[in-house]
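Reader: Please take me closely through one part of this model, the ligand site together with the strands and helices that frame it.

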Amino acid sequence: MITPTPLIAGNWKMNGLQASLAEACAIAEGAGRSRARVAICPPSLLVHQMAELLADTKVVVGGQDVHWEPSGAYTGDISAEMLADAGAKMVIIGHSERRACYCETDAMVARKVEASLAAGLEPIVCVGETLVERKAGAALTVVTGQLRGSLPKALAGKSFAVAYEPVWAIGTGLTPTTSEIEEMHRAIRATLVDLFGDDGAGVPILYGGSVKPSNAAEILHAAEVGGALVGGASLKASDFLAIVDAA
Ligand code: PGA
């Protein structure tokens, strides 16, 4: 069986100034030796410069969010077309911080995914349960429900990834056990196949939430884990590259 190429994406969140572009160059230099696909999703103000700096490397640049409309009176927002125009190739959609802090619903996430596809961006669609939901035994139901609501039919035949990020594992240092990750990723796979048929079998399912150099190999080699979405540990080239190397 051919192992699909893993995707390791760094989510810089609201971190990064001009000086941080040097860190991205260091990541690109080290990532050249990896078999993984590698992406950095910096704040949108850095997308254009980073995309130009990394143009001849294997690292692609992505955004962290877009509006679902192509243009208009939406103060502070950016459209998918703007992100693509700046040089982005991917975009994170529906991150739990967007869902929690900006009240994004599954329906809004689905519209953002459609807008991203229309602009030629590869979406990374995030799902994940809270600790209360996991303790109540509802994690699988919550996550598969989010998937059904957040993945529009327009994704059929398109390149996209799903990121499973338990909310309680993000930035906390806590991670699910390998068997909990595998159980969830199998449920996500079954949902993807149900929604998209054979195409759903090839969609990479990333794990995200406190991935770091010390746990990356175990997580990345778990069943149905097709890569990682990395927050804090993607800000430092040496840490991020250790994760890239573990893939
Ligand atoms: P973390 O964040 O790696 O800092 O936990 C992951 C994410 O939110 O994508």
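Author: Two strands are taken to pair if DSSP finds at least two bridges between them, and the elements themselves are DSSP runs numbered from the N terminus, helices being H or I of at least four residues and strands E of at least two. The model is predicted, so that local features need pLDDT of at least 70 and side-chain atom pairs count only at pLDDT 80 or more, whereas totals for chains, interfaces and linings use all residues. Residues are numbered from 1 along each chain as its sequence is written, and side-chain values use heavy atoms, with hydrogens and water left out.

On these terms, eight strands close into a barrel in the order β1-β2-β3-β4-β5-β6-β7-β8, with parallel pairing. Within this barrel, β7 (residues 205–208) and β8 (residues 227–230) are joined by two bridges in the parallel sense, and tyrosine 207 has alanine 228 of β8 as its bridge partner.

As for the ligand, 13 residues surround it, a residue being near if one of its heavy atoms lies within 4 Å, and Lys13, His95, Glu165, Gly171 and Ser210 come nearest. By class, this shell holds four nonpolar, seven polar and two charged residues, where Ala, Val, Leu, Ile, Met, Phe, Trp, Tyr, Cys and Pro count as nonpolar, Asp, Glu, Lys and Arg as charged, and the others, Gly among them, as polar. An oxygen atom of the ligand is 2.8 Å from a polar backbone atom of serine 210, and a ligand oxygen is likewise 2.8 Å from a polar backbone atom of glycine 231.

Notes. A polar contact is a pair of N or O atoms within 3.5 Å; within protein, one must be able to donate a hydrogen and the other to accept it, and residues adjacent in sequence count only if both atoms are side-chain atoms.
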